[in-house]
Every structure is written in C-alpha cells, then in structure tokens.
Amino acid sequence: MARKNAHVSETPATQFLRRAGIEFSEHVYDYVDHGGTAESSRQLGVAEHEVVKTLVMQDEHAQPLIVLMHGDRQVSTKNLAREIGAKSVEPCKPEVAQRHSGYLVGGTSPFGTKKAMPVYVEASVLELPRILINGGRRGFLVGIDPRVLPGAVGARPVHCALAG
C-alpha cells in the first residue's frame with residue numbers, strides 16, 4: 001500500500017526543483033514492474049489523467065527527446081514528428097533512455113537529466129491545476145503546478161495524445 005507522507009532521499013530531480021525554487025509535494029507508492037501510471041494513480045488515489053509519464057524518445061537521427069504525456073493517453077509518434085519537424089519519432093530502448101536521462105526506466109524524471117534534451121509536453125497537461133510526475137526514482141512522484149514546465153525545462157506544448 002502507498003506510504004503516505006514518506007520522505008524519499010534527494011534525487012537529481014528534487015535537487016533541480018529545489019535549486020529552481022519550484023514548490024513540490026512528495027508522493028511515495030509501492031513500485032510494481034510494468035504497473036505504470038495505472039498502478040501509481042490507484043495507490044495514490046488520483047486520476048490517471050493527472051499522473052504524467054516522462055517518455056524518452058528519439059528522432060530519425062537518434063537524437064533523444066522527452067515527451068510528457070497524461071498517464072491515460074498514448075503518444076501519436078506520427079503527430080509528434082509532424083509537430084517538431086522530424087521525419088519520425090520512436091521510443092528509445094530502455095538502456096538507451098537510461099543512458100540519456102541518467103534514470104532507471106520507471107523512475108525517469110524530466111528534471112535533472114544527465115543529458116540536456118528537448119522537452120515536449122502534451123498541451124492539455126498544462127491546463128491541469130496540478131500534476132504528479134516522476135521525482136527521479138521508481139515509486140516516487142512529485143506534485144507540481146504544470147505551468148512551471150515551460151520555464152523549468154523549456155517544455156514546448158504539442159498536440160500528440162491518443163486516447164488511452
């Protein structure tokens with residue numbers, strides 16, 4: 001069961017947020033392999049639409065990028081490629097994503113990544129009053145105001161959501 005009010009030691013993501021002066025809340029849950037946002041939202045008692053997944057993808061030149069998407073939606077790689085001016089976009093293999101981000105898959109945060117990458121956010125995410133997004137460790141989400149994303153990580157709004 002989710003451990004309410006448990007504190008997780010600092011991660012590169014929480015260090016980034018503190019340095020940037022971004023307020024966040026900590027939300028710890030019991031990580032389940034392949035449980036994804038459905039599992040974290042269930043344990044934390046929040047709508048899956050408000051849990052935002054951090055996806056490391058790459059363009060046709062194998063240049064990495066991050067996509068922030070509602071937990072209950074999928075990314076249309078065709079629409080994303082069109083919006084960012086790429087020929088194609090595909091998910092990175094887990095080991096490649098980990099090399100770029102510095103985070104284990106399942107614990108990837110857009111904050112404090114090992115390598116600077118362009119960040120794209122599904123535009124409707126920015127309309128939510130609050131989101132939960134990975135805090136840099138499996139089983140650990142941070143609650144933030146999504147409107148900080150463009151300033152904090154240069155997140156550019158895109159329209160690439162498919163119904164989940």
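This passage describes the largest pocket, the surroundings of leucine 132 and the cysteines of a predicted model.

The largest pocket is a good place to start. About 710 Å³ of space lies within the largest pocket, and 29 residues line it, with Lys53, Thr54, Leu55, Val105 and Gly106 the closest to its centre. Several secondary-structure elements share in this lining: helix 2 (36–44), strand 2 (51–59) and helix 4 (94–101) each supply at least two residues. Strand 2 gives the most, with 7 residues. Sorted by class, the lining of the largest pocket comprises 14 nonpolar, 10 polar and 5 charged residues.

Attention turns next to leucine 132, which belongs to strand 7 (residues 131–137). With a relative accessible area of 7%, leucine 132 is buried. Once its neighbours within four places in sequence are set aside, leucine 132 is in contact with His27, Leu44, Val46, Glu50, Val51, Val52, Leu141, Val142 and Gly143. Valine 89, by comparison, lies 43 residues from leucine 132 in sequence and 25 Å from it in space, C-alpha to C-alpha.

The cysteines complete the picture. Cysteine 92 is buried, at a relative accessible area of 10%, and cysteine 160 is buried as well, at 1%. Why is the sulfur of cysteine 92 without a bond to the closest cysteine sulfur, in cysteine 160? The two sulfurs are 15 Å apart, which is too far for a bond, because a disulfide requires cysteine sulfur atoms within 2.5 Å. The structure accordingly holds 0 disulfides.

Definitions and conventions
Residues numbered from 1 in each chain as written. Predicted model: local features only at pLDDT ≥ 70, side-chain atom pairs only at ≥ 80, totals over all residues. Heavy atoms only, no water. Helix = DSSP H or I, 4+ residues; strand = E, 2+ residues; numbered from the N terminus. Buried < 20%, exposed > 50% of the residue type's maximum accessible area, 1.4 Å probe, protein only. Contact = heavy atoms within 4.5 Å. 1 Å grid on protein atoms, 1.4 Å probe; cavity = no way out; pocket = protein on both sides within 12 Å on 5 of 7 lines; lining within 4 Å. Points joined across faces, edges and corners; volume = space filled by probe spheres on them. Nonpolar A, V, L, I, M, F, W, Y, C, P; charged D, E, K, R; others polar.
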